[in-house]
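Me: I'm new to reading structures, and I'd like a close look at one part of this one. Please show me how a strand fits in with its surroundings, and explain the terms as you go.

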Amino acid sequence: MTQADDATGAVPPGPADTIDAIARDLVADLTRRGETVAVAESLTGGLVVSTLVGVPGASAVVRGGVVAYATPVKHTVLGVSSALLAANGAVDPEVARQMAAGVRIALSVDGEPATWGVSTTGVAGPDPQDGKSVGTVYVGIASADGATAWELHLDGDRGAIRTASVSELLTRMSSVVRGRE
């Protein structure tokens with residue numbers, strides 16, 4: 001149960017309210033621009049695409065999502081280099097870039113890639129993975145112009161790290177989309 005703010009009687013926004021607002025704005029921006037997005041997720045396990053499709057009208061812009069939780073799926077479905085995965089593991093900035101670029105193509109419609117591909121890969125815990133500590137996350141964004149990844153160091157339990165990963169990715173995606181106007 002939430003507790004109302006004493007001064008206004010309003011319930012203060014929580015993390016989900018903030019993420020939902022970011023998603024609404026992003027879907028509105030993509031709709032206005034006539035652009036689409038495809039999502040590749042590992043540690044977030046579908047939370048990114050779920051957040052996006054929770055926005056009314058998202059069907060106009062969201063192509064779909066691939067949950068590539070198992071490392072081999074990153075190669076077989078998204079085209080991430082098997083040599084890269086073998087050398088660096090799944091928690092790596094180049095893996096995030098290749099996942100984002102790969103999902104644009106994997107979710108093509110009539111031969112047309114999605115305008116944007118986004119990705120998450122990282123360690124939600126409870127144990128380190130691939131030599132990376134819990135809370136190490138990479139988010140990627142790709143377009144026809146190329147792909148970029150950001151390294152995040154997040155705190156909290158599995159749920160908090162996964163939720164923060166979604167928030168960080170959608171915030172960065174909104175910034176990138178708006179920066180191209």
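Reply: Let's start with pairing: two strands pair if DSSP finds at least two bridges between them. Strands (E, at least two residues) and helices (H or I, at least four) are DSSP runs, numbered from the N terminus. The model is predicted, so local features need pLDDT of at least 70 and side-chain atom pairs need 80 or more, while totals for chains, interfaces and linings use all residues. Residues are numbered from 1 along each chain as its sequence is written, and side-chain values use heavy atoms, leaving out hydrogens and water.

Before zooming in on E4, look at the whole sheet. Five strands form an open sheet in the order E2-E1-E3-E4-E5, and the pairing is mixed. E2 (62-67) and E5 (146-153) are at the edges with a single partner strand each, so one side of each has no neighbour in the sheet. Going from one strand to the next, the twist averages 15°.

Over at the E2 end, five bridges pair E2 with strand E1 (residues 37-41) in the parallel sense. As an example, Val66 in E2 has Ala40 standing opposite. Then there are helices. H5 (residues 93-106) packs on the sheet and touches (heavy atoms within 4.5 Å) E1, E2, E3 (116-122), E4 (136-143) and E5. The direction of H5 makes about 145° with that of E3; such angles run from 0 to 180 degrees between N-to-C directions, with axes fitted to C-alpha atoms, for helices over the stretch in contact. Helix H6 (residues 158-179) lies across E1, E3, E4 and E5, and runs at about 30° to E4.

Now for E4 itself. On one side, E3 and E4 pair in the antiparallel sense over six bridges, and Thr120 has Val139 of E4 as its bridge partner. On the other side, E4 and E5 run antiparallel, joined by eight bridges. Ile141 and Thr148 of E5 are bridge partners there. The link from E4 to E5 is a hairpin of two residues.

Is E4 mostly covered or mostly open? Eight of its eight residues are buried, meaning under 20% relative accessible area (exposed is over 50%, partly exposed in between; 1.4 Å probe, protein chains only). Thr136, Tyr138, Gly140 and Ala142 point one way, Val137, Val139, Ile141 and Ser143 point the other way, and all are buried.

Let's take Thr136, which belongs to E4. Thr136 has a relative accessible area of 3%, so it counts as buried. Leaving aside residues up to four places away in sequence, Thr136 touches Val91, Gly122, Val123, Glu151, Leu152 and His153. By contrast, look along the chain to Ser175: it is 39 residues from Thr136, and their C-alpha atoms are separated by 22 Å.

E4 also feeds into something bigger. The largest nonpolar core has 30 residues, and those with the most contacts inside it are Leu30, Val37, Leu52, Leu170 and Met173. A nonpolar core is a set of buried Ala, Val, Leu, Ile, Met, Phe, Trp, Tyr and Cys residues joined through side-chain atoms within 4.5 Å. At least two residues of this core come from each of H1 (15-33), E1, H2 (47-53), E3, E4 and H6. Leu52 touches Ala23, Leu26, Val27, Val37, Val39, Ala58, Val62 and Leu170, again without residues up to four places away in sequence. There is also a second, separate core of 14 residues, with Val80, Val95, Val103 and Ala114 among them.

What about the loop leading into E4? Pro126 lies in the loop between E3 and E4, and the peptide bond from Gly125 to Pro126 is cis, with omega near 15°. That loop also holds Asp130, which is not a glycine but has a positive phi near 50°. Asp130 is partly exposed, at 38% relative accessibility.

One residue of H6 meets this loop region: Arg158 touches Tyr69, Ala124, Gly125 and Pro126, not counting residues up to four places away in sequence. Arg158 is partly exposed, at 36% relative accessibility. Between Arg158 and Val139, 19 residues apart along the chain, the C-alpha separation is 16 Å.

For contrast with E4, try the loop between H5 and E3, where Asp110 lies. Asp110 is exposed, with a relative accessible area of 81%. Its phi is positive too, about 50°, although it is not a glycine.
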